[in-house]
Amino acid sequence: MIKFYYSGAPNPTKVALFLEEAGLPYEPIPVDTRKGDQHKPEYLAINPNAKVPAIVDGDAVVFDSNAILLYLAEKTGKFLPENTPKARGELLSWLMFVASGVGPYAGQSVHFRNYAPEKNEYAINRYAFEAQRHFGIIDARLAKQRYMLGGTYTIVDMALWGWARLIPVVLGEGAWDKFQNLKRLTDEISARPAAARAVALKDKHKFKTEMDDEARKAMFRHLTEKVA
Ligand SMILES: N[C@@H](CCC(=O)N[C@@H](CS)C(=O)NCC(=O)O)C(=O)O
């Protein structure tokens, strides 16, 4: 059975969505990042990057949410576009766009808005601007088609949903007004029973919720180590 190392954060939740959509049997293993579980040697042996999610599937160890989505899609043959060079090129482009653009910039936007010890207007604006720009590109695409790759629900939509459902946290209340097409897709996916189960997975374990000194020490290690 697949071992799924997770928390309730956006990147694990998109993998939970796939596992639930595909009906794959899996064992959820909580990694409480606010308590520092991600730095334990046994977890670092699975994901040397000390982040969630990761999976262990027999002798295959896969980390990084979008790599896991691609691995599971290729393994099961599910939630992929047709197998042509054109469709595969589109799949890889948009999956990497979510992996290298949407996710990191949305994550940094949340960090500088909510967690940075000082209010740095430059950083807040830079990451919000880029996150908004990325979501705007996606919104324009979704004005012309139902899903990211056309008429079929794929792993690109799942990868996007992980972050899009948090748009008010990334860009502030009222931000949905700018992305009506993306909202339509996000709402459609959130209404799926598999999405409800993916979101509810975090309630199977009592994760730490306080962002206190212990949590900051585990998640923001740059606070105690100056490298620049
Ligand atoms: N590129 C990675 C990023 C993973 C990531 O940043 N995970 C966050 C949760 S969404 C995490 O583990 N944070 C804990 C930490 O930074 O210590 C992926 O897509 O899986």
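## Fold and dimensions

Helices and strands here are DSSP runs counted from the N terminus, with codes H or I over at least four residues for a helix and code E over at least two for a strand. With that in hand, welcome to a predicted model. Its chain has 10 helices and 4 strands, and reading along the sequence gives the pattern β-α-β-α-β-β-α-α-α-α-α-α-α-α. The chain is as compact as a globular protein of its length, because its radius of gyration of 18 Å is close to the 17 Å that the globule rule gives for 228 residues.

The C-alpha trace spans about 50 × 45 × 30 Å along its principal axes. Of the 228 residues, 48% count as buried. The accessible surface of the chain is about 11,700 Å², and carbon and sulfur atoms hold 53% of it. Among contacts in the chain with a separation of 6 or more, 67% join residues 24 or more positions apart.

## The ligand and its shell

Which residues surround the ligand? They are A9, P10, N11, T33, Q38, K51, V52, P53, D64, S65, A218 and M219. By class, this shell divides into 6 nonpolar, 4 polar and 2 charged residues. Two helices, α1 (10-22) and α10 (213-219), each provide at least two of the shell residues.

If you are setting up an interaction list, here are some polar pairs to begin with. The side chain of K51 places a polar atom 2.7 Å from a ligand oxygen. An N or O atom in the side chain of S65 is 2.6 Å from an oxygen atom of the ligand. For V52, a backbone N or O atom lies 2.8 Å from a ligand nitrogen. Taken on its own, the ligand has 510 Å² of accessible area, and the protein covers 80% of that.

## The loop between α2 and β3

Several residues of interest sit in the loop between α2 (41-44) and β3 (54-57), including N47, A50 and P53. Let us start with N47: is this residue buried or exposed? N47 is buried, since its relative accessible area is 1% and the cut-off for buried is under 20%. Leaving out residues up to four places away in sequence, N47 touches P53, A54 and F63. The side chain of N47 also has a polar atom 2.7 Å from the backbone oxygen of K51, and K51 is itself one of the residues around the ligand. As for distance across the chain, the C-alpha atoms of N47 and Y153 are 29 Å apart, with their positions 106 residues apart in sequence.

The backbone of this loop deserves a careful look too. Most residues other than glycine have a negative phi, and most peptide bonds are trans. A50, which is not a glycine, has a positive phi of about 55 degrees. A50 counts as buried, at 11% relative accessibility. A little further along, the peptide bond from V52 to P53 is cis, with omega near 10 degrees. Both V52 and P53 belong to the set of residues around the ligand.

## D64, between β4 and α3

Another positive phi turns up at D64, where the angle is near 85 degrees in a residue other than glycine. D64 is found in the loop between β4 (60-63) and α3 (65-76). How much relative accessible area does D64 have? The value is 41%, so D64 is partly exposed. That figure counts only the protein chains as cover, and D64 is among the residues around the ligand.

## Two buried residues in helices

A195 belongs to helix α9 (residues 193-200). A195 is buried, with a relative accessible area of 1%. Which residues does A195 contact, apart from its neighbours within four places in sequence? They are L17, W161, I189 and S190. Between the C-alpha atoms of A195 and G23 there are 12 Å in space, against 172 residues in sequence.

H111 lies in helix α4 (residues 85-115). H111 is buried as well, at a relative accessible area of 14%. Setting aside neighbours within four places in sequence, H111 is in contact with A116, F220 and H222.

How values were computed. Residues are numbered from 1 along each chain as its sequence is written. This is a predicted model: local features need pLDDT of at least 70, side-chain atom pairs count only at pLDDT 80 or more; totals for chains, interfaces and linings use all residues. Side-chain values use heavy atoms; hydrogens and water are left out. A residue is near a molecule or strand if one of its heavy atoms lies within 4 Å of it. A polar contact is a pair of N or O atoms within 3.5 Å; within protein, one must be able to donate a hydrogen and the other to accept it, and residues adjacent in sequence count only if both atoms are side-chain atoms. Accessible areas come from the Shrake-Rupley method with a 1.4 Å probe; for residues, only the protein chains shown count as cover. Ala, Val, Leu, Ile, Met, Phe, Trp, Tyr, Cys and Pro count as nonpolar, Asp, Glu, Lys and Arg as charged, and the others, Gly among them, as polar. The radius of gyration is taken over C-alpha atoms; the globule rule is 2.2 Å times the number of residues to the power 0.38. Buried means under 20% relative accessible area, exposed over 50%, partly exposed in between (1.4 Å probe, protein chains only). Contact means heavy atoms within 4.5 Å.
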